[in-house]
Amino acid sequence: MLSNDAITIAREKTEVGGEPRLKIPPRLLILNNRTTFTLSRPPITEKVVVRAHTLVSAVRMSSVVAAIFMRNKLVFRDGPEPDWKEKWDAAASPYERLTF
């Protein structure tokens with residue numbers, strides 16, 4: 001189950017270089033969308049961070065991670081790692097599969 005902790009959703013934008021006052025655009029633009037949450041099935045508790053290109057993608061993949069954890073609480077500690085690419089392809093929209 002999802003713990004009582006809050007789910008944090010963050011959108012970040014970092015610009016490197018450039019000079020806004022002189023209208024010189026940044027040389028590098030870094031975009032980051034992230035969800036952070038805690039999953040817990042006693043005695044296991046896992047802090048999870050999911051990063052994605054879009055916020056919708058981060059939330060969608062967070063639900064996939066939570067569902068996998070609910071089926072197997074040891075998924076992050078023991079046994080074979082899930083095929084994350086396969087999980088992403090199953091959860092992503094057709095646009096996301098083509099674009100990302």
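In which helix does Ala67 lie? I shall answer that at once: Ala67 belongs to helix α1. Please bear in mind throughout that the structure under discussion is a predicted model.

Let me stay with this residue for a moment. Ala67 is partly exposed, its relative accessible area being 30%. Its distance from Glu12 may be of interest: 55 residues separate Ala67 and Glu12 in sequence, and their C-alpha atoms are 26 Å apart in space.

I turn now to the overall architecture. The protein contains three helices and three strands. Starting at the N terminus, the order of these elements is β-β-β-α-α-α. The protein is more spread out than a compact globule, because its radius of gyration is 17 Å, well over the 13 Å that the globule rule gives for 100 residues. The C-alpha trace spans about 55 × 30 × 20 Å along its principal axes.

What share of the 100 residues is buried? The figure is 30%. As for the surface, the protein exposes about 7,200 Å², and 57% of that area is supplied by carbon and sulfur atoms. Counting charges, there are 16 positive and 11 negative side chains, and the centres of these two sets lie 5 Å apart. Contacts also deserve a word. If one takes those between residues at least 6 apart in sequence, 46% of them join residues at least 24 apart.

Next, the interior. In soluble globular proteins, nonpolar side chains tend to be buried together. Here, the largest nonpolar core has 14 residues, and those touching the most other members are Phe37, Leu39, Val48, Val50, Met61, Val65 and Phe69. At least two residues of this core come from each of β2 (28-41), β3 (44-52) and α1 (55-71). Helix α1 gives the most, with six residues.

A residue in strand β2 merits closer inspection, namely Thr36. Is Thr36 buried or exposed? Thr36 is buried, with a relative accessible area of 14%, and the cut-off for that class is under 20%. Leaving aside residues up to four places away in sequence, Thr36 touches Ala6, Ile7, Thr8, Lys47, Val48 and Val49. Of these partners, Val48 was also named among the core residues that touch the most other members. Thr36 and Ala6 are 30 residues apart in sequence, yet their C-alpha atoms are 8.5 Å apart in space.

I come now to the loops. Two residues in the loop between β1 (8-16) and β2 may be noted, beginning with Pro20. Pro20 counts as exposed, at 65% relative accessibility. The other is Lys23, which lies in the loop between β1 and β2 as well. Lys23 is exposed, with a relative accessible area of 76%. The backbone at Lys23 has a phi near 60°, a positive value in a residue other than glycine.

Where is Pro43 placed? Pro43 sits in the loop between β2 and β3. The peptide bond joining Pro42 and Pro43 is cis, with omega of about 5°. Finally, Pro42 can be set against the proline I mentioned earlier: Pro20 and Pro42 are 22 residues apart along the chain, and 51 Å separates their C-alpha atoms.

To close, I return to the core and to the helix with which I began. Ala67 lies in helix α1, and α1 is the element that gives the most to the largest nonpolar core. Thank you for your attention.

Definitions and conventions:
Residues numbered from 1 in each chain as written. Predicted model: local features only at pLDDT ≥ 70, side-chain atom pairs only at ≥ 80, totals over all residues. Heavy atoms only, no water. Helix = DSSP H or I, 4+ residues; strand = E, 2+ residues; numbered from the N terminus. Rg over C-alpha atoms; globule rule 2.2 N^0.38 Å. Buried < 20%, exposed > 50% of the residue type's maximum accessible area, 1.4 Å probe, protein only. Contact = heavy atoms within 4.5 Å. Areas by Shrake-Rupley, 256 points an atom, 1.4 Å probe, with all protein chains shown as cover. Lys, Arg positive; Asp, Glu negative; His and termini not counted. Charge placed at Lys NZ, Arg CZ, Asp CG, Glu CD. Core = buried A, V, L, I, M, F, W, Y, C linked by side-chain atoms within 4.5 Å.
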